[in-house]
Amino acid sequence: MRNRRVVALALIAGVMPLAACSHQGVLTLSAAEAQIPDCTTFDDVAVETLNEEASCAPGGSRLVFPDGVVFDLPDEIGAGLDQPGGVVGPVYTYVGVGIYGVFATRKSDDCKTVEEWGTTEARERVYEAFGDEYGCKGPNSPP
């Protein structure tokens with residue numbers, strides 16, 4: 001059984017704030033929005049499937065992008081960001097958005113090419129919290 005202490009604490013407080021890497025802002029979910037059961041399998045999750053409504057949280061699984069880049073999702077899905085090419089190349093992100101699923105992006109280092117996966121509500125929540133250029137500031141991007 002996976003550890004759900006973080007969610008339990010969030011339920012007591014009534015909201016679940018989540019800060020994403022390299023961005024100012026906080027994604028806040030109500031207790032009801034944060035309550036999503038864990039998936040019972042640890043199958044790989046293709047980002048293309050994130051557009052469907054979530055029935056469970058895929059913590060402990062691998063999130064796989066079309067080009068083969070993989071994130072090992074933690075048991076409690078928060079947010080992650082990677083720019084595997086260092087200062088050049090795409091920036092990959094994911095954010096767990098409770099009952100709305102996982103939102104993932106792949107953006108070119110200049111943000112001219114953008115690909116997104118996730119439900120409409122997950123996308124809206126992430127952009128509301130972190131701004132319209134979420135994911136465009138990689139770990140090596142200038143301020």
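A residue counts as buried when its relative accessible area is under 20%, as exposed when that value is over 50%, and as partly exposed in between. Keep that in mind as we walk through this structure, which is a predicted model.

Let's put the cut-off to work on R106. Its relative accessible area is 13%, and because buried means under 20%, R106 counts as buried. This arginine has charged company, too. Its side chain meets that of D67 in a salt bridge, with 3.0 Å from N to O. D67 sits in the loop between strand 4 (62-64) and strand 5 (70-72), while R106 belongs to strand 8, so the pair ties together parts that are 39 residues apart in sequence. R106 also meets E115 in a salt bridge, this one at 2.3 Å from N to O.

Are these two acidic partners buried or partly exposed? D67 has a relative accessibility of 42%, so it is partly exposed. E115 comes out at 29%, and therefore counts as partly exposed as well. So a buried arginine pairs with D67 and with E115.

Those are not the whole story, as the structure holds six salt bridges. Another one joins E33 and R125, whose closest N and O atoms are 2.3 Å apart. Here the chain is being linked across a long stretch of sequence: E33 is in helix 2 (residues 31-34) and R125 is in helix 3 (residues 120-130), 92 residues apart. How accessible is each of them? E33 has 13% relative accessibility, so it counts as buried. R125 has a relative accessible area of 17%, so it is buried too. E121 joins in as well: salt bridges with shared partners make one network of E33, E121 and R125.

Now for the nonpolar side of things. The largest nonpolar core has 14 residues, and those with the most contacts inside it are V47, L50, L63, F65, Y94 and A104. Strand 7 (91-96) and strand 8 (102-107) each supply at least two residues of this core. Strand 8 is a familiar name by now, since R106 lies in it.

Pick out L63 if you want a good place to look around. Leaving aside residues up to four places away in sequence, L63 touches V45, V47, L50, V69, V70, F71, L73, Y94, V102 and A104. There is also a second, separate core, made up of 13 residues, with L29, V97, Y100 and A122 among them.

Note on methods:
Residues numbered from 1 in each chain as written. Predicted model: local features only at pLDDT ≥ 70, side-chain atom pairs only at ≥ 80, totals over all residues. Heavy atoms only, no water. Core = buried A, V, L, I, M, F, W, Y, C linked by side-chain atoms within 4.5 Å. Buried < 20%, exposed > 50% of the residue type's maximum accessible area, 1.4 Å probe, protein only. Helix = DSSP H or I, 4+ residues; strand = E, 2+ residues; numbered from the N terminus. Contact = heavy atoms within 4.5 Å. Salt bridge = Lys/Arg side-chain N within 4 Å of Asp/Glu carboxyl O.
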